Amino acid sequence: MSLEKIPQHVALIMDGNGRWAGRQGLARIRGHQAGADRLEDVMRAAEKAGVKYITLYAFSKENWHRPKDEVQFLMQLLSNYLDHKLAELKKNNIVFNAIGCLTDMPSEIQAKLSRAAEETASNTGLFVTFAFSYSSRLEITEACRALARLAVQGKIDPEMISEKDVASHLYTSALPDPDLLIRTSGEMRVSNFLLWQISYAELYVTEKCWPEFTAEEFQKALAAYSLRERRFGRTEPLNTGADA
Ligand code: IPE
Ligand code: IPE
Ligand code: MG
């Protein structure tokens, strides 16, 4: 399928694992396993379509309030994923990146995340960012703290702080803003994800739950994006560098 416009950066809220599992009489954790199994396909579809960056919401700061067993399972799933998939990520030329309040994560997972980032840093293909223990409000708060520190030290003039300065203190400073935000499982909310960065992203919500989100579903989202007219507050569509 050839599309007129391809988003440079797609952000995904991978939601609905628990409901997907519940509908077929399975425990919620089976949904998380099935969800993790979808990642490879989605990465391949993104790369094939010409998307340069994908950012995946895997675990929110608020998700720590879930039952202990579920949190434990999710941490184990991540640990196993990093053990078994790093070689494949390397082979597929993927750059692995993790954002969020990573110091909240178990220390052995922090080490595995650093290792995955280091060992894929020189790759040149799809740039994949996973958000763990992520809270957009906290991310913005931390940026405010960093800027306030610099101001108190006399290194910057508060009156001169620009939007670019704020953006450069977010976890996503190395990434362009998302052009498209996809959420699965039909929920019409952003749940504290990339609040600053999605200011002008196109939103796409599908009823499919994350374990049902195939390459074909990803293609559908890209097709919908291709038909969107992005005006950025103007009266006429504005072609951004992001569009192919
Ligand atoms: C998304 O699926 C995965 C995480 C938030 C970790 P959910 O676990 O939120 O599934 P639902 O929304 O309860 O169905
Ligand atoms: C958002 O899903 C977080 C992730 C997908 C990791 P949630 O299931 O936690 O969000 P709410 O509770 O429906 O807003
Ligand atoms: Mg959910």
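# Close-up views of a predicted model

An oxygen atom of ligand 1 sits 2.9 Å from an N or O atom in the side chain of Arg 28. That is our way into this structure, which is a predicted model, and the views below take you around it one place at a time.

**View 1. Ligand 1 and the arginine side chains around it.** Besides Arg 28, look for Arg 19, where an N or O atom of the side chain is 2.7 Å from an oxygen atom of ligand 1. Arg 66 also takes part, with a side-chain N or O atom 2.7 Å from a ligand 1 oxygen. On its own, ligand 1 has 380 Å² of accessible area, and the protein covers 87% of it. To trace the surroundings, follow the run Met 14, Asp 15, Gly 16, Asn 17, Gly 18 and Arg 19, then add Arg 28, His 32, Ala 58, Asn 63, Arg 66 and Leu 74.

**View 2. Ligand 2 and its polar partners.** Ser 191 places a polar side-chain atom 2.6 Å from an oxygen atom of ligand 2. In the side chain of Asn 63, an N or O atom is 2.9 Å from a ligand 2 oxygen. Arg 66 appears here too: a side-chain N or O atom is 3.2 Å from an oxygen atom of ligand 2. The protein covers 78% of the 390 Å² of accessible area that ligand 2 has on its own. Other residues around this ligand include Ile 13, Met 14, Asp 15, Tyr 57, Ala 58, Phe 59, Arg 183 and Arg 189.

**View 3. Asp 15, a loop residue.** You can find Asp 15 in the loop between β1 and α1 (17–23). Is Asp 15 buried or exposed? Its relative accessible area is 16%, and buried means under 20%, so Asp 15 counts as buried. Setting aside neighbours within four places in sequence, Asp 15 is in contact with Arg 183, Thr 184, Ser 185, Glu 187, Cys 209 and Trp 210. Asp 15 is also among the residues around ligand 1 and among those around ligand 2.

**View 4. Helix α8 and what covers it.** Helix α8 runs through residues 215–226, which makes 12 residues. From its first C-alpha to its last, α8 reaches 16 Å, close to the 16 Å expected at 1.5 Å a residue. Which residues of α8 are buried? They are Glu 217, Phe 218, Ala 221, Leu 222, Tyr 225 and Ser 226. Their cover includes β1 (9–13), α3 (39–49), β5 (180–183) and β6 (202–205).

**View 5. Ala 215, a partly exposed residue of α8.** Ala 215 lies in helix α8. With 26% relative accessibility, Ala 215 counts as partly exposed. Leaving out residues up to four places away in sequence, Ala 215 touches Arg 38, Asp 41 and Ala 45. Now pick out Met 43: 172 residues separate Ala 215 and Met 43 along the chain, yet their C-alpha atoms are 8.7 Å apart.

**View 6. Phe 218 and the nonpolar cores.** The largest nonpolar core has 42 residues, and Met 43, Ile 54 and Phe 218 touch the most other members. Helix α4 (residues 68–91) gives the most to this core, with eight residues. Zoom in on Phe 218 and you will see Val 10, Leu 12, Val 42, Ala 45, Ala 46, Val 51, Ile 182 and Phe 213 touching it, not counting residues up to four places away in sequence. A second, separate core has 11 residues, including Ile 13, Tyr 57, Leu 194 and Ala 201.

Notes. Residues numbered from 1 in each chain as written. Chains lettered and ligands numbered in written order. Predicted model: local features only at pLDDT ≥ 70, side-chain atom pairs only at ≥ 80, totals over all residues. Heavy atoms only, no water. Helix = DSSP H or I, 4+ residues; strand = E, 2+ residues; numbered from the N terminus. Expected span 1.5 Å × (residues − 1). Buried < 20%, exposed > 50% of the residue type's maximum accessible area, 1.4 Å probe, protein only. Contact = heavy atoms within 4.5 Å. Near = heavy atom within 4 Å. Polar contact = N/O pair within 3.5 Å; in protein donor to acceptor, adjacent residues only side chain to side chain. Areas by Shrake-Rupley, 256 points an atom, 1.4 Å probe, with all protein chains shown as cover. Core = buried A, V, L, I, M, F, W, Y, C linked by side-chain atoms within 4.5 Å.
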